[in-house]
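Me: I have a model here and would like to go through the reasoning behind its labels with you. Could you set each value against its cut-off for me?

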Amino acid sequence: MTEPAYVAVDWGTSSFRLWLIDRVGRVLAERRSDEGMLAAAKTGFAGVLQSHLAAVEAPDHLPVLVCGMAGAKTGWVEAGYVDTPAPLAAILKQAVRVPGGARDIRILPGIAQRDVKAPDVMRGEETQLLGTLGLAAAGEALVCMPGTHSKWVRVKDGTVAHFSTFMTGELFSVVSRETILSLAVAGADDAEDAASFRTAVKAAFEAPAFAANLLFGARSRQLLFGGTPAAARETLSGTLIGVELAAGLSGAVPKAGVTLIASGRLAMLYRLAFDALPVIVTPIDADEAVRRGLSMAAAAIWTS
């Protein structure tokens with residue numbers, strides 16, 4: 001039987017993912033839950049981690065490498081930030097050890113952009129960048145990482161030069177649940193309306209200043225001309241993503257286009273959005289990216 005070498009953990013704000021990894025990077029066991037930072041801060045980070053380590057029968061001596069919100073100021077142990085311009089290699093050197101335990105547990109730092117005009121932070125995404133681009137990346141890359149708080153990152157020769165955060169996912173949740181537009185999407189089923197989504201993406205990309213007006217159009221169009229709740233939902237989603245893309249693509253785009261790091265439905269939506277513009281995209285699975293990043297960091301920390 002293959003022996004485990006370490007445990008990799010991606011600890012988000014609302015989600016927890018753990019992988020038991022062998023020496024060649026293969027996944028031996030996996031755990032997922034909704035015990036993210038917000039939940040773990042109440043119940044205890046050490047207890048949450050230990051319950052999942054026990055579930056995968058991780059030996060007591062096995063080291064654990066964590067990325068994400070467990071290293072935030074309000075997390076388990078603050079891991080700090082690497083400031084931009086941030087070489088991805090610097091992330092490996094600033095991992096913080098969790099004190100007080102027999103097991104070696106390290107938390108990777110985030111990246112901070114200490115620009116008065118454009119302050120920004122990321123945690124977890126830096127590990128996806130590491131796993132996608134590697135340490136010896138040459139040339140320029142424009143990376144889009146969709147999510148509750150989407151990140152757009154410009155990387156040059158393995159160094160994060162600049163990035164921007166867009167609250168696209170969170171805004172969609174609030175707008176579709178807490179505003180009058182909730183009436184338009186009420187009862188929406190799982191049916192997809194690609195045409196409504198693509199139309200909304202194009203309209204918002206071409207006129208992002210009209211975002212608030214375009215959002216209300218989902219309601220007025222339904223009242224005046226009919227339409228399904230699913231169409232209204234896709235209009236809201238497409239509008240918010242279109243506004244994000246208008247900003248993210250406002251600068252120079254590398255010849256290779258955009259590297260899209262995403263999984264599941266978000267990967268599908270953003271590929272559809274880029275195709276509607278159209279923009280060249282190289283898709284990367286987010287789970288694979290973060291695992292590769294954690295594997296590279298683990299090798300640097302425990303074998304160097």
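Me: Where does Glu57 lie?

Reply: Happy to help, and please keep in mind that this is a predicted model. Glu57 lies in the loop between α2 (45-55) and β4 (64-68).

Me: Why is Glu57 called exposed?

Reply: Its relative accessibility is 69%, and exposed means over 50%, so Glu57 counts as exposed. Its backbone deserves a look too: phi is positive, about 55°, although Glu57 is not a glycine.

Me: What makes Asp157 partly exposed?

Reply: Asp157 has 46% relative accessibility. Partly exposed covers the range between under 20% and over 50%, so Asp157 counts as partly exposed. Asp157 is found in the loop between β12 (150-156) and β13 (159-166), and it has a positive phi of about 50° without being a glycine.

Me: Why is Ala256 called exposed?

Reply: The relative accessible area of Ala256 is 55%; the cut-off is over 50%, so Ala256 is exposed. Ala256 sits in the loop between α9 (229-248) and β14 (258-262). Not counting residues up to four places away in sequence, Ala256 touches Ile280 and Thr282.

Me: How do you know that Glu126 has no salt bridge?

Reply: The nearest side chain of opposite charge, Arg123, is 6.5 Å away from Glu126. A salt bridge needs a side-chain nitrogen of Lys or Arg within 4 Å of a carboxyl oxygen, so at that distance Glu126 has none, although it is buried. Glu126 is found in helix α4 (residues 125-133).

Me: Which polar partners does the side chain of Glu126 reach?

Reply: It reaches the backbone nitrogen of Gly124 at 2.8 Å, and it makes a polar contact with the side chain of Thr127 at 2.9 Å. The limit for such a contact is 3.5 Å. Leaving aside neighbours within four places in sequence, Glu126 is in contact with Cys67, Leu88, Ile91, Pro109, Gly110 and Ile111.

Me: What makes β3 and β7 edge strands?

Reply: Each of them pairs on one side only. They belong to an open sheet of six strands in the order β3-β2-β1-β4-β8-β7, with mixed pairing.

Me: How many bridges join β2 to β3, and how many join β7 to β8?

Reply: Six bridges join strand β2 (residues 16-22) to strand β3 (residues 27-33), and these strands run antiparallel. Two bridges join β7 and strand β8 (residues 105-107), also in the antiparallel sense. Pairing requires at least two bridges, so both β2 with β3 and β7 with β8 qualify. Arg17 stands opposite Arg32 in β3, while Val96 stands opposite Ile107 in β8. The hairpin of β2 and β3 has four residues between the strands, and there Gly25 takes a positive phi near 90°.

Me: Which prolines follow a cis peptide bond?

Reply: Among them are Pro85, where the bond from Thr84 has omega near -5°, and Pro278, joined to Leu277 with omega about -10°. Pro85 is in the loop between β5 (81-83) and β6 (86-87), and Pro278 is in the loop between α10 (264-276) and β15 (281-285).

Me: How do you know that the chain agrees with a compact globule?

Reply: With 304 residues, the expected radius of gyration is near 19 Å, and the chain has 21 Å, which agrees. Its C-alpha atoms fill a box of roughly 65 × 40 × 40 Å along the principal axes, and buried residues make up 47% of the chain.

Technical notes. Residues are numbered from 1 along each chain as its sequence is written. This is a predicted model: local features need pLDDT of at least 70, side-chain atom pairs count only at pLDDT 80 or more; totals for chains, interfaces and linings use all residues. Side-chain values use heavy atoms; hydrogens and water are left out. Buried means under 20% relative accessible area, exposed over 50%, partly exposed in between (1.4 Å probe, protein chains only). Lys and Arg count as positive and Asp and Glu as negative; His and the chain ends are not counted. A polar contact is a pair of N or O atoms within 3.5 Å; within protein, one must be able to donate a hydrogen and the other to accept it, and residues adjacent in sequence count only if both atoms are side-chain atoms. Contact means heavy atoms within 4.5 Å. The radius of gyration is taken over C-alpha atoms; the globule rule is 2.2 Å times the number of residues to the power 0.38.
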